[in-house]
Structure formats: structure tokens, C-alpha cells
Amino acid sequence: MAVAIPSLDHEPVGSALRPDRPGLDKAGGRLVVVSNRVPVPSGAGSPNAGGLAVALDAALKQRGGLWFGWSGNTVDGREPETESHEFANVSYAVTDLAQRDLDDYYHGFANRALWPVCHYRLDMTGFNRRNTAGYFRVNEFFARRLAQLIRPDDVIWIHDYHFIPLASYLRGMGFTNRMGFFLHIPWPPADLAAVLPAYDLILRGFSSYDLVGFQTPLDAENFANAIARGGGRALDNGCYEAHGRRFRAGAFPIGIDTQGFRRLAEQGERNAVVRRTAASLEGKQLIIGVDRLDYSKGIGERIDAFSCLIENNPALRNRVTFLQITPKSRSEVPEYAHLQREVAEQIGETNGRYGDVDWTPIRYINKPIGHTALAGLYRLARVGLVTPLRDGMNLVAKEYVAAQASADPGVLVLSRFAGAAYELETALLVNPYDSDATAAAIKRALEMPLDERKERWSAMMRRLETNTVDRWCDAFLGTLVAADHQGMPAPGGDGEDDGLSPELSTGVRRQPLWGAIKN
Ligand code: F6P
């Protein structure tokens, strides 16, 4: 069966695209946010809104605008609907997806190709052409639905690995709006990234934006290398020229609502779940880990480290409790279903080996916990264990720090491979692959004197108070709307200002590249 990636041969949509229309492509219009999950307040949207959604919620409520994405629902056999909901100054527009589209785009290419490769896990990939084609097809579908909603002066901010080619499709339809893209997950070194199916198209997808943001300088550097190897070039001031366009790229590390989270943790102290947990500890020190059940989080390695800690320090038996809160995630993806069984077995074995009639070393929970209770549990825990094997940022690390009581703060044990390690330098930084070393860091955290705990925590808290989520939004959007030369075709390009490489260009109607990946 031939599986083709949809062509960008579209007619411009709507009068909004007429270049004589006042305000066309002028910055300062409405903010339009696009992300796969959309936390519609009524509950009509996706129930699993995570860190990204929480971060953006504040930004949109503050500025007003439109949030567009997937509804969280699938339809079979009928045309998916796009519904709009208005809440205060924000409109939420969410669209259903056909089950097959969801499987190919989300379960398939996004989470079996992009996610593992971007997290340096080639061993966790599952590639096939149907998924690759589905990813581009669904991006085109979302672009068509979005095209009905956008105005000429809207500033469009597209989020995460689900939607890298979205701007290419919008540009192909003639939209010249400011378009920014932020990647919430890591971007890997060029040799790893090149393993991706349709890698060239993915890279070209980035070039259709005016600004591409990454979590860390390392991700931005990896991207710059990829552009250079792909025949593009870096100009001054974070600008790049590639695939017939000029655009800007750089690191914009995401923050949290630091003061808001601190207040939540104070309230959390009085939360019933937190009080019951505190009583149940009977004086034992609490170590906490909170992660989606994902192989990038290094949960298995963390359990190994905890086992090492107990094995090497018999005096700690019955004196510590490790609480691992791990909501299930992406269970339809085979690699995740396998991981769920593996982690449950590993925890069972550890508890069986080290536990006693009156002591369960690891408490393991698969359900999500409410925000206030979670913030209170962070505050209760002497050690926050955030040890992903690779992570874009990891907001749990930041929330753990923000939740601590200044008079008696806990200690963050943090993977040096989480984006957060760039800012939280005074955490105990560990290599999560080295279980003995992580165990030694946990021991050090448990024994750390109050003065040192305060000193390390204060330094981290200062960073978090400066780099808040508001500041992140301001920095990204400020850069996106500031430079008016961006988005122009590069000199020597094909002269068509549709923002696309020659192969993708609607203007020149050349043989599109996706013709080559039919099967
Ligand atoms: O950045 C990765 C991310 O998209 C987060 O924003 C979010 O918390 C998480 O993955 C949730 O994944 P999913 O939408 O697949 O449940």
C-alpha cells in the first residue's frame, strides 16, 4: 500500500491572507498557542494535561488569546469535529482525531520515533512508514483546522515535538504570521537526530518558523550543528539561514510559577493526604520521586540506587521510606506497557528482599495526586529524587525546590542530564546510570547539615525566583515579535516567500520530497 506524506499544495485560505490587508504580518496581535494537549477548564479537553499545559495556562490567561489542539477524543468513521469554548479572555478550540490518525501520529511517530530519538534512546524506537506518513498527515489536518481560526496579525506559538511541521503547512497555505516553536524535550546531537525517518523534512519543518526555542544551550547547539550539516549556516545573533529562509533559534529555559507553588506547598502542609502520610512515616525520613511512567525518567536505575543505599547502609533500614508516585502514561505504546511490568516487578523484588513486617521500603503509586497534596508531599520529603536519564527540563525538580520550607529545606538529588541541572547547580548532581554514586548522593542528602541544606536551597530558589514561567513567556514572545527581518527568504533562495525549502515550496510546485518516501 502506498503511504504518502501529504503535499503542501494548498490554495491560500481566506481573505485574511490578502497582502493588502492592513495589519498583515504585523506583530502585536492575539496570541495563539498550539499544543497537543489543551487543558479546557470545563473538562471538555484532554484529561492528561501535563507540565507544558500548566506552564502555558498562566501565560494565556494573563495575555488572553486562543489555545488550539487535540480534544483528547477520537471518532470512528465520521468527520472529526472542532469545538470552541470561551472562558474569560481565552478561547479554547479543540479538535477530535480519527482513531487511526491518533495511532499513527501520537502513539506512532511522536512517541515511537521522535520521543525516543530526542531522549537518546535508539533502543526504544519503533519506526514504520505508516506512522511517518500519519505524523505529517495529521499535522496537515491540524493546520487546516487552525487555518479557519487565525487572524492576520495573530502571533502563533506552536509547542513540542507533535507539531514540528505545522508551520510548514501553514506557510504553504499562505500564512505569513509570526510563528514561533518551542521544543519542550531535548534535541539530540546531529548523528542521533539523523536516525529519524524523514529527518530532512523534520529539519526543514523547523526552518518554517521565525523563532525556534530549546530548553538548554546544549539542545540549541545540537540544533545548530544539525543545520550546519544540512547545508544551512549560522549568521549573527542566533540567526540561521536554511532551506530558503532566515530564522532565529536559541535556548529559553522554561520556569515555573515559583511563588504560586511555594504558597501551594504551604497550604499542602494542612492537606489531609499529606497529614496522613506524615503520620504514617512514624519518624522515618521521606525520599520522594514523581514521574510519568516513562523510560526517559530512569525509574529502574533509581530503584537500583535505592537498593544500593539500603544494601550498603543497613542502619538506614526502617529509617527511610521511598515514595515513588508514577502515573501510567502512553500505555498503548508497547515500550511503555513493557516498562510498567518491569518497574512493578523490580519494586516488588526490592520490597521483598529488604522489607520487613513493619517496613515497606518503597511505596509505589500509579495514580496522579492533586496539586496541593503533591506540593505538600514535596515539602514533607527530606530528599527529592529527580534522576531522569535525559530530560528537556524537568519541572518536578523546580517544584520540589519551590515547595521547601526556608527554615528546614530538603535536598534535591538531580540528574546532570536533566535540563534543570543548568540552573539548579547547587543540587546534588548525579549520573543516574551510576547507581552506586546516586546511592552515595542520597546518603549525603539524608545526612546533610541544616546550614548546607539552606545554602544550597537558597541559591536554587534565587534562580527560580528570577527565571519564572512569566519571564520565559516574555523572553520567547519578546524575541519572536522583536526582530522584523525574520521569516524573510534567504538571499539566493527561490524567491517564493512561502517559507519553504524548494522541495516543499507550494510556489514552485516542484516534485515534493515526500514522493521519495512512498512505499
Ligand atoms: O514535554 C513533554 C510532554 O509533552 C509534557 O508537556 C507533558 O507533561 C508530557 O509530555 C505528557 O505527555 P502526553 O501528552 O503524551 O501524556
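Begin with the second largest pocket of this predicted model, and select M124, Y295, E301, L339 and E342, which lie nearest its centre among the 15 residues of the lining. The space in this pocket comes to about 220 Å³. Next, colour the helices α10 (299-312) and α11 (334-354), since each of them supplies at least two residues of the lining; the largest share, six residues, comes from α11. If you then colour the lining of this pocket by class, you will find six nonpolar, four polar and five charged residues.

From the pocket, move to the enclosed spaces, of which a search of the whole structure finds two of 30 Å³ or more. To see the second largest cavity, select G410, V411, L412, T426, A427, L428, M448, R453, R456, W457 and M460, which line it. Two elements, β15 (411-415) and α15 (450-466), each give two or more residues to this lining, and the greatest contribution, four residues, is that of α15. The second largest cavity holds about 40 Å³ of space, and its lining is made up of seven nonpolar, two polar and two charged residues.

Now turn to the nonpolar interior and select W187 and I287, the residues with the most contacts inside the largest nonpolar core, which has 96 residues. Helix α2 (residues 99-118) is the element to show next, as it gives the most to this core, with 10 residues. Apart from this core lies another, of 61 residues, and a selection of I254, V290, L323 and F476 will show you some of its members.

The next stop is a pair of strands. In strand β2 (residues 65-75), select W70, which has a relative accessible area of 5% and therefore counts as buried, the limit being under 20%. Add V94 to the selection and draw the C-alpha to C-alpha distance from W70: the two residues are 24 apart in sequence, yet 5.1 Å apart in space. Strand β4 (residues 90-98) also holds S91, a residue that is buried, with a relative accessible area of 16%. Show the side chains of S91 and E86 together, and you will find a polar contact between them at 2.8 Å.

Two cysteines come next. Select C118, which is buried with a relative accessible area of 1%, and then C239, which is likewise buried, at 7%. How many disulfides does a search of the whole structure find? The search finds zero, so there is no pair of cysteine sulfur atoms within 2.5 Å to look for.

The tour ends in two loops, at residues whose backbone angles deserve a look. Select E282, in the loop between α9 (272-281) and β11 (285-290); this residue has a positive phi of about 45° although it is not a glycine. Is E282 buried or exposed? Its relative accessibility is 65%, and because the cut-off for exposed is over 50%, E282 counts as exposed. Finally, go to N318, in the loop between α10 and β12 (320-325), where the phi is again positive, at about 65°, although N318 is not a glycine. With a relative accessibility of 30%, N318 counts as partly exposed, because this value falls between the limits of 20% and 50%.

Methods: Residues are numbered from 1 along each chain as its sequence is written. This is a predicted model: local features need pLDDT of at least 70, side-chain atom pairs count only at pLDDT 80 or more; totals for chains, interfaces and linings use all residues. Side-chain values use heavy atoms; hydrogens and water are left out. On a 1 Å grid over the protein atoms alone, a cavity is a set of points where a 1.4 Å probe fits but cannot get out, and a pocket is an open set with protein on both sides within 12 Å along at least five of seven lines; lining residues have an atom within 4 Å of a point. Grid points are joined across faces, edges and corners, and a volume is the space filled by probe spheres set on the points. Ala, Val, Leu, Ile, Met, Phe, Trp, Tyr, Cys and Pro count as nonpolar, Asp, Glu, Lys and Arg as charged, and the others, Gly among them, as polar. A nonpolar core is a set of buried Ala, Val, Leu, Ile, Met, Phe, Trp, Tyr and Cys residues joined through side-chain atoms within 4.5 Å. Buried means under 20% relative accessible area, exposed over 50%, partly exposed in between (1.4 Å probe, protein chains only). A polar contact is a pair of N or O atoms within 3.5 Å; within protein, one must be able to donate a hydrogen and the other to accept it, and residues adjacent in sequence count only if both atoms are side-chain atoms.
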